Amino acid sequence: MDTFEFIEHTADIGIRVKAKTLEELFSFSAKSLFFIVIGDVSSKCHVTREIELEAGTIEDLLVVWLNELLSLFYTYGFFPSNPVIYIKQNPVKSLRAKIKGFRLNPYSMRLKQEVKAATYHNLKITKNSKGYVGEIIFDV
Amino acid sequence: MGYTGYLEKIADYKFRISEKYKSGMLTDGIIYADDKLIHSIKQDNALEQVANVAFLPGIVGSSLAMPDIHWGYGFPIGGVAATDPEESGVISPGGVGFDINCGVRLVKTDLSVKDVKDKLSKLLDRLYNDIPSGLGSKGDINISLKEEVKLLKKGAEWAVSRGMGVQQDLEFCEDGGAMQEAQPESVSQRALERGRFQVGTLGSGNHFLEVQVIQEIFEEDIAEKLGLEKGKVTLMIHSGSRGLGYQVCEDYSRLMVKSLPHTGIQIPDKQLACAFLNSKQAQDYIAAMGCAANYAWVNRQVLMHLMRRSFEKVFSSSWQSLGLELIYDIAHNIAKFEKHSVLGKEKTLCVHRKGATRALGPDNPLLPQEYKSTGQPVIIPGDMGTSSYLLVGRQEARETFSSACHGAGRIMSRKRAKAQGNLSELMREFDSRGIEVRAKGKKTLLEEAPWVYKDIDSVVDVVEKAGLSKKVCKMVPLGVVKG
């Protein structure tokens with residue numbers, strides 16, 4: 001998986017994600033998260049979910065986005081395969097996503113890593129000449 | 001990475017970060033450690049987090065850290081902070097954690113090592129098969145949402161009333177296995193759905209079941225009162241509130257982070273997002289956290305019931321005749337309203353324990369009659385493969401609001417543990433110590449190997465020497481079941 005690299009944390013798991021656009025950063029972060037939880041899985045997408053989220057900052061929005069996906073997976077067995085994301089920064093930080101995915105029962109398969117949630121601790125999104133870099137710590 | 005900030009030694013087992021270290025700190029940070037442990041503690045960002053907790057409005061006393069402290073998110077793991085509702089005190093979901101009421105229970109038995117040794121493999125296979133464990137594991141107890149709401153209100157009694165335990169079990173749980181503040185209306189539908197299928201599941205990570213033997217007794221009188229003898233077998237269960245707790249924490253962290261700019265609260269880490277104790281948001285969180293805490297007590301009660309049944313099958317005898325009685329069940333991720341003396345005046349405070357154990361001294365009114373003379377049993381699980389301890393609380397532990405450590409405390413990240421660890425070497429080490437292991441994932445074994453933790457003996461020694469609790473006995477593992 002080339003969308004992220006691990007960063008050091010004593011108890012939990014931290015990742016650094018690089019992308020050209022904010023939308024891509026959110027998409028890569030989601031892919032990275034589910035790679036950590038499950039590994040490589042693919043299936044024909046036969047479910048589509050639409051979600052809208054809001055937060056005070058763009059960094060908070062990233063945490064809210066990832067936790068929403070985790071929650072949908074653990075609660076309804078929805079695996080997000082292909083999200084199309086629109087992010088608005090004004091007047092509030094908000095996200096609208098149409099996510100194609102498939103059903104995957106978290107209770108009937110062997111998961112690689114239980115991730116409890118994405119946290120706000122040491123959360124960063126920085127912009128550079130190549131695009132965006134995000135750092136997220138997950139409670140595991 | 002690593003702490004290079006202000007730190008001074010103020011007593012043999014106590015270090016201080018002055019409130020002058022960062023502008024905005026409302027009090028000092030106090031860390032209980034010896035010279036060797038503090039060196040290890042300084043290697044990550046935990047001390048910075050001790051300083052950050054000192055920003056919480058209404059904090060009373062100091063921002064405290066137990067000797068097993070390590071880097072967490074928001075609070076350090078091993079952090080304790082009390083806030084005063086009458087002084088604009090706050091509650092922070094990050095000060096409780098995602099696994100609300102993650103905790104430990106210790107069960108005694110009348111069995112000795114020789115009774116168990118020949119049957120250990122069979123027993124571990126049985127436990128491994130009968131007790132759902134592993135990542136995202138699903139339990140055998142299917143309940144409707146309506147029934148789940150009852151469970152969240154009643155706590156461990158819900159399981160006992162369905163034949164999974166006896167009334168006496170409830171007396172030996174912290175808070176009788178139920179927080180009275182629980183109000184299921186404050187729990188989201190998502191959290192209810194997420195928790196519905198996980199009642200009676202162990203989980204993964206550092207959660208485990210252990211068959212242990214008492215190797216050493218430090219306080220004969222107390223051990224006798226608790227019914228514990230050298231050479232007798234004990235059982236330990238470490239688990240929490242599973243997906244329901246994670247979702248409750250996420251729901252309320254999200255709300256509090258969003259509201260933070262409107263409260264005037266200044267904190268250096270958003271994972272410390274909090275709400276004033278007298279606000280509706282705080283009251284709703286306390287009601288939901290209580291439900292998650294109750295879920296965790298049900299979970300550990302069901303796990304103990306399944307463990308008792310496994311023993312009955314293997315030993316062809318009832319659990320009562322095998323003496324499988326609960327010593328105590330403690331929470332180590334929780335916030336609770338407790339009465340403490342502050343400057344000679346009794347006050348009700350909200351005590352956050354994030355990876356810390358309540359440790360009430362003798363004569364405390366919250367203790368069951370049987371423990372009034374001994375103090376509260378304080379259960380400290382060590383790392384897989386070394387040892388665990390039973391201590392009792394001391395009245396002298398006022399400065400920590402009657403709190404002690406909760407484990408050994410990690411020193412190595414999971415990434416490094418897997419990269420540097422050798423599974424064959426680990427299995428040989430278990431073999432050489434006569435420890436049998438059953439695990440769903442071999443990767444988890446490396447992540448939880450003994451060398452990724454601080455030395456439990458040193459951690460517990462500091463707890464005792466600092467006067468926070470008194471050692472009663474040390475247990476070593478015979479068999480471990482991990483998710």
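**Two sheets and a helix pair**

Let me begin in chain B, where the strands β12(B) and β13(B) pair in the antiparallel sense, and the pairing runs over 10 bridges. Please keep in mind as I go on that everything here comes from a predicted model. These two strands form a hairpin with 2 residues between them, and in the turn B:L343 has a positive phi of about 50°. If you would like one pair of residues to look for on the screen, B:F337 has B:C350 as its bridge partner in β13(B).

How much of β13(B) is buried? Of its 10 residues, 7 are buried, so the strand is largely enclosed by the rest of the structure. On another side of the pairing we have strand β5 of chain B, residues 75–83, which pairs with β13(B), residues 345–354, in the antiparallel sense over 5 bridges. Here B:V80 stands opposite B:R353, and B:A82 stands opposite B:V351.

Now we can put these strands into their sheet, which is an open one of 7 strands in chain B, with the order β1-β2-β3-β4-β5-β13-β12 and mixed pairing. The edges are taken by β1 (8–11) and β12 (333–342), and each of them has a single partner strand, so one side of each is left without a neighbour in the sheet. On average, neighbouring strands of this sheet are turned by 30° against each other, with direction ignored. Helix α2 of chain B, residues 46–53, lies across β2, β3, β4 and β5 of that chain, and its direction is at about 155° to β4(B).

Let me stay for a moment with one residue of the edge strand β1 of chain B, namely B:K9. Is B:K9 buried or partly exposed? Its relative accessibility is 42%, and it therefore counts as partly exposed. Leaving aside residues up to four places away in sequence, B:K9 touches B:K14, B:F15 and B:D35. The C-alpha atoms of B:K9 and B:D34 are separated by 9.3 Å, although the two residues are 25 residues apart along the chain.

Further along chain B, we come to a pair of helices, α10 (residues 242–263) and α11 (residues 280–315), whose axes come within 9 Å and cross at roughly 165°. That makes α10(B) roughly antiparallel to α11(B), and the crossing is left-handed. Among the residues that make this contact are B:L244, B:V248 and B:L255 of α10(B), together with B:Y285, B:A288 and B:A292 of α11(B). The contact residues divide into 11 nonpolar, 4 polar and 2 charged.

There is one more helix to mention in this chain, α16(B), residues 456–465, whose buried residues include B:I456, B:V459, B:V460 and B:V463. An α-helix has 3.6 residues a turn, so residues three or four places apart point the same way. After α16(B) comes B:G467, with a positive phi near 80°.

Finally, let us turn to chain A, which has an open sheet of 3 strands in the order β3-β5-β4, with antiparallel pairing. At the edges stand β3 (47–55) and β4 (78–88), each with a single partner strand, so one side of each has no neighbour in the sheet. Neighbouring strands are turned by 20° against each other on average, direction ignored. The strands β3(A) and β5(A), the latter being residues 93–103, pair over 9 bridges, with A:I51 opposite A:A97. Helix α2 of chain A, residues 58–76, packs on this sheet and touches β3, β4 and β5, while its direction makes about 145° with that of β3(A).

Note on methods: Residues are numbered from 1 along each chain as its sequence is written. Chains are lettered from A and ligands numbered from 1 in the order in which they are written. This is a predicted model: local features need pLDDT of at least 70, side-chain atom pairs count only at pLDDT 80 or more; totals for chains, interfaces and linings use all residues. Side-chain values use heavy atoms; hydrogens and water are left out. Axes are lines fitted to C-alpha atoms, for helices over the stretch in contact, and angles run from 0 to 180 degrees between N-to-C directions. Helices (H or I, at least four residues) and strands (E, at least two) are DSSP runs, numbered from the N terminus. Angles under 35 degrees count as roughly parallel, over 145 as roughly antiparallel, 65 to 115 as roughly perpendicular and the rest as oblique. A crossing is left-handed if the near helix is turned anticlockwise from the far one by less than a right angle, and right-handed if clockwise. Contact means heavy atoms within 4.5 Å. Ala, Val, Leu, Ile, Met, Phe, Trp, Tyr, Cys and Pro count as nonpolar, Asp, Glu, Lys and Arg as charged, and the others, Gly among them, as polar. Two strands pair if DSSP finds at least two bridges between them. Buried means under 20% relative accessible area, exposed over 50%, partly exposed in between (1.4 Å probe, protein chains only).
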